[in-house]
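Student: I would like a close look at one part of this structure, the place where the ligand sits. Please take me through it step by step.

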Amino acid sequence: MSLKQAYEPYFKIGTSVSWRNLESEQAKDELKKHYSSITAENGMKPMFYLDKEANQANPEKYKSEPALKFDIPRKFLDFAKENGLALRGHVLVWHNQTPFWFFKENYEDDMEAPWADKETMLARMEHMIKGVLTFVQTEYPGLVYAWDVVNEAVEEREEQGWRQRSGWYQTIGEEFLLYAFRFARKYAAEGVKLFYNDYNTMLPFKRDFICENILKPLVAEGLVDGMGMQSHLVLGAHSLVDYEKALHRYGSFGLEVQITELDIHVTDPSEKGMKELADAYGELFRILLRAKKEGKANVTSVTFWGMKDDESWLTGFRREKSYPMLFDDNYGEKAAYHAVIKAVEEV
Ligand code: GLA
């Protein structure tokens with residue numbers, strides 16, 4: 001029984017995909033076996049579709065209508081299409097992996113150069129969103145079922161609120177979020193679902209901030225279809241009780257919920273460590289299945305952030321070897337894999 005078969009009655013099962021994966025026959029086989037959806041780990045982030053060379057060569061011409069290029073996104077879109085996989089679009093408006101020159105008046109590489117003004121940035125935002133959505137929808141109709149329209153607009157500490165250091169916030173102010181969704185709604189094809197996506201979305205203060213300041217106003221204008229819970233978890237550090245509460249809160253808006261970047265950091269590869277990891281994954285999937293079955297949250301897809309341990313970003317990010325995935329370095333099924341499969345029978 002593969003992951004996607006086990007979960008077929010409930011939600012899509014996805015994984016992030018790297019450049020390396022696209023070139024590996026083994027990865028391709030695993031992708032086709034276990035997953036029904038992919039997300040480009042990096043290749044569809046703004047830094048890969050904003051055309052630095054063209055914009056900097058002719059900043060006057062492209063001032064309000066930035067030049068875009070799609071050679072890299074195309075690789076992931078082609079791959080999904082050729083292999084019968086659905087694709088989560090990640091990402092349109094984000095502070096990170098969006099080059100800082102994009103926010104500068106004349107696209108300068110110079111940190112000291114003046115920011116573009118609000119009107120210009122709104123025009124750039126609209127043009128970028130329109131361009132990306134139109135490209136994808138024209139060349140790959142029906143392939144992308146959801147977009148992370150805005151990623152990570154909220155800070156991670158209680159008193160902080162909006163992420164004010166973001167170039168989007170700096171140039172447009174907090175309304176950047178509303179505008180991003182307005183533009184996305186304007187250009188998205190029918191049926192393409194628009195998501196707000198963030199990490200640590202189970203923390204009560206962050207959950208409340210998102211519900212109050214992001215989802216409520218977006219729902220009021222009919223601009224959002226779903227909440228993305230990234231779910232980069234750390235074994236033992238995150239409360240799954242809080243996780244379940246947050247899932248139900250987001251679900252109570254009548255929105256879809258997608259788990260968009262799931263992994264659970266753990267440094268102990270012993271049988272004991274891997275059993276603890278399996279228990280956490282089992283519990284998490286029981287929470288997701290219960291929510292779905294009881295109508296507490298309409299979970300529509302669950303995406304792992306990587307297919308196997310040695311490819312996880314966590315080892316680099318945490319600076320310690322991590323064993324966070326369902327499959328070991330050789331795609332071997334770990335206890336966590338079996339726990340996730342078993343969860344289906346337990347709920
Ligand atoms: C965030 C982003 C992802 C990715 C991860 C780390 O969660 O949304 O695109 O960059 O960080 O890999």
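Tutor: A polar side-chain atom of H232 lies 3.1 Å from an oxygen atom of the ligand, which fits the definition of a polar contact, a pair of N or O atoms within 3.5 Å. For N151, the distance from a polar side-chain atom to a ligand oxygen is 2.9 Å, and for E261 it is 2.3 Å. On its own the ligand has 300 Å² of accessible area, and the protein covers 88% of it (Shrake-Rupley method, 1.4 Å probe).

This is a predicted model, in which local features need pLDDT of at least 70 and side-chain atom pairs count only at pLDDT 80 or more, while totals for chains, interfaces and linings use all residues. Residues are numbered from 1 along each chain as its sequence is written, and side-chain values use heavy atoms, with hydrogens and water left out.

Around the ligand stand K45, H90, W94, Q97, N151, E152, Q230, H232, E261, W305 and W313 (each with a heavy atom within 4 Å of it). By class, this shell has three nonpolar, five polar and three charged residues; Trp counts as nonpolar, Glu and Lys as charged.

The shell takes at least three residues from each of domain 1 (1-35 + 199-347) and domain 2 (37-194), with bounds from an automatic or database domain assignment. The C-alpha centres of domain 1 and domain 2 are 24 Å apart. In their contact, 36 residues come from domain 1 and 38 residues from domain 2 (heavy atoms within 4.5 Å).

Terms used: A polar contact is a pair of N or O atoms within 3.5 Å; within protein, one must be able to donate a hydrogen and the other to accept it, and residues adjacent in sequence count only if both atoms are side-chain atoms.
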